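User: I'd like to go through this model together and ask how we know the things we say about it. Can we start with what the words mean?

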Amino acid sequence: MAVKEIVADIRHLSGEVYYPSPEVLERAYIKDYPSLYQRAMQDLEAFWAERAEELEWFRKWDRVLDDSNKPFYKWFVGGKINICYNAVDRHMKTWRKNKVALYWEAENGERRVLSYYDLYREVNRFANVLKALGIRKGDRVTIYMPRIPELPIAMLACARIGAIHSVVFAGFSVEALHTRIEDSKSRLVITADGGYLNGRIVETKRTVDEAVRRSPSVEHVLVVRRTRHEVPMEPGRDYFYDELARLPFAQGECPVEETDAEDPLYILYTSGTTGAPKGQVHVHGGYAVYIYTTMKWVFDIKDEDIWWCTADPGWVTGHSYIVYAPLMLGATSVMYEGAPTYPYPDRWWSIVEKYGVTVLYTTPTAIRGLMRFGDEWPNRRHLSSLRLLGTVGEPINPEAWRWYYRVIGKGRCPIMDTWWMTETGGFMITPMPCVPLKPGSATLPFPGIRADVVDENGNPCPPGVEGYLVIQNPWPGMSRTLYGDPDRYVKTYWSKYPGWFFTGDSARRDEDGYFYIIGRVDDVLKVSGYRLGTAEIESALVAHPAVAEAAAIGLPHEVKGEGIHCYVILKAGYTPSEALAEELRQHVAQLIGPIARPEAIHFVDKLPKTRSGKIMRRVLRARALGLPEGDLSTLEE
Ligand code: WT7
């Protein structure tokens with residue numbers, strides 16, 4: 001299979017192009033993308049070894065890449081490194097010790113400021129408590145917390161002692177949390193009494209109680225106090241964190257585990273084509289090198305920067321670019337607890353103004369949502385501190401891109417449209433400040449990444465033609481396996497094109513080689529940038545007593561990108577009604593989480609299926625959109 005090399009000349013491009021200004025170029029670490037790209041591709045191992053030198057290792061690696069057991073690649077084999085050490089301890093030896101690591105702002109305006117030294121002490125204390133609860137290297141710990149500083153602290157504490165964290169986004173509900181605790185066989189669940197969102201309390205502890213009821217692996221529940229409202233505590237199983245953190249065993253330093261480069265750091269569950277979520281496994285070594293390098297070069301992070309990634313730490317975006325990479329880089333970050341429009345639609349812009357945010361990284365859904373409130377809200381705030389913008393999670397439509405560029409960035413700030421996935425650990429197809437931009441395009445692959453758009457047979461698609469997006473070589477940040485299911489890892493990602501990573505996205509390239517991501521080709525939806533499997537939604541629906549069969553599809557939605565539409569066959573004795581439709585939408589939201597609430601429930605008598613009984617979602621989609629139904633040869637009569 002032929003591999004097409006990257007565009008060589010990015011000085012003369014076609015279409016709507018935004019070239020970097022002299023000021024942007026002046027400041028950038030990387031000024032010449034094509035030659036760096038070429039150098040990286042000539043000797044990948046030398047390139048990554050050089051990057052790895054920027055981190056602190058307890059022991060250097062013997063080999064950069066071990067590909068003797070493909071696709072189970074190993075990076076920095078023989079190396080010893082701990083990501084928590086690089087994120088926190090390392091700064092104790094420099095002036096950054098008293099630099100601000102984190103500005104945290106609560107929805108009610110309350111603030112906390114943590115220096116690197118503060119963070120160091122908090123992480124040590126938390127790690128001591130974990131040890132006192134019997135947590136050891138290799139144990140799994142589920143974290144289900146609102147957006148408060150203790151969330152990153154808990155993650156770092158796990159990493160410090162070599163425990164494997166599995167963070168579940170607090171917007172998920174009981175079922176989703178339960179399956180993730182169950183799959184990882186976590187011994188401990190860390191949560192908070194509650195969180196705040198839109199001025200209301202989110203009952204995280206109560207959700208944990210319900211989820212843990214059927215999880216025999218869980219020995220303890222550790223509860224951080226945030227809201228201080230009354231929550232049930234089970235004696236012998238549940239502890240308040242602050243009560244343990246006061247005890248003598250929690251004081252002083254907790255030694256860092258000298259983890260192997262390939263030791264698992266975390267499991268993070270993502271949705272796939274079947275109901276069972278996939279536990280992506282990321283490791284201490286290669287992952288650290290990859291996210292450190294990508295963040296440094298793409299967002300050009302320097303000491304004076306104030307970085308704000310608006311994601312939740314519970315997603316991979318947060319793991320990589322709220323918690324680990326910014327801290328390894330010694331950056332100052334902002335973290336905001338609540339909703340973007342609370343109490344008014346200028347909350348985010350007020351945060352940019354207040355903390356002097358220099359780099360803002362967010363999602364197309366958020367941009368489209370805030371854009372709807374008009375230009376007056378951002379225009380009332382000083383946004384002049386911004387120098388770079390970013391977006392992630394779903395394709396950004398050119399109108400939203402231009403609004404972000406013009407109204408938020410005032411035409412000065414390049415937009416880094418970063419394409420990547422939970423599986424990839426970090427940015428894959430992304431500009432850097434020196435790369436000319438085109439609205440709606442994630443531009444070109446990061447140095448060290450060979451990517452292309454190919455047809456069924458693996459041949460490169462001509463410019464403008466849609467095909468499958470593939471990655472054609474391994475990289476240090478890649479997920480190593482699916483937790484407990486290596487066969488599924490091979491089958492999902494490495495089987496369609498042997499030797500290449502199958503992303504599950506479709507894309508096209510233009511005549512300059514620029515990549516435009518189109519969307520998922522599997523049964524995965526991107527709703528407000530959140531990844532949801534149709535199977536998860538369908539199994540939630542059929543768990544309702546009225547539902548016999550269900551199919552879920554995604555249809556274009558103005559703000560959310562995709563909205564969930566469900567087709568439901570009722571059991572005998574139930575009749576369609578508006579009330580029942582509302583009850584079903586509520587039911588899905590309760591089981592999976594508010595993000596999964598369907599836009600619409602359509603009651604039907606039949607679903608289009610293949611002769612082998614599989615629901616043909618693409619037929620439902622085509623019908624809903626009034627498009628041709630395509631090849632119907634497999635449709636049952
Ligand atoms: C899927 C991965 C990566 C962190 C957040 C999402 C879509 C991601 C972009 C982008 C177009 C994008 C893809 C991908 N996606 N970034 N810049 N442009 N689409 O991680 O939940 O694992 O989802 O998000 O469809 O496959 P995730």
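Analyst: Sure. A residue is called buried if its relative accessible area is under 20%. Keep in mind that this is a predicted model. By that cut-off, 62% of the 637 residues of the protein chain are buried.

User: What makes the radius of gyration of the protein chain agree with a compact globule?

Analyst: A compact globule with 637 residues would have a radius of gyration near 26 Å, and the protein chain has 24 Å, so the two agree. The C-alpha trace spans about 70 × 65 × 60 Å along its principal axes.

User: Why is the pair between the ligand and Thr422 called a polar contact?

Analyst: The cut-off for a pair of N or O atoms is 3.5 Å. An N or O atom in the side chain of Thr422 sits 2.5 Å from an oxygen atom of the ligand, so the pair counts as a polar contact. Lys526 has a side-chain N or O atom 2.7 Å from a ligand oxygen, and a polar side-chain atom of Arg531 is also 2.7 Å from an oxygen atom of the ligand.

User: How much of the ligand does the protein cover?

Analyst: On its own the ligand has 550 Å² of accessible area, and the protein covers 96% of that.

User: Which residues surround the ligand, and what classes are they?

Analyst: There are 17 around it, with Asp417, Thr422, Asp505, Lys526 and Arg531 the closest. The shell has seven nonpolar, four polar and six charged residues.

Conventions. Residues numbered from 1 in each chain as written. Predicted model: local features only at pLDDT ≥ 70, side-chain atom pairs only at ≥ 80, totals over all residues. Heavy atoms only, no water. Near = heavy atom within 4 Å. Polar contact = N/O pair within 3.5 Å; in protein donor to acceptor, adjacent residues only side chain to side chain. Areas by Shrake-Rupley, 256 points an atom, 1.4 Å probe, with all protein chains shown as cover. Nonpolar A, V, L, I, M, F, W, Y, C, P; charged D, E, K, R; others polar. Rg over C-alpha atoms; globule rule 2.2 N^0.38 Å. Buried < 20%, exposed > 50% of the residue type's maximum accessible area, 1.4 Å probe, protein only.
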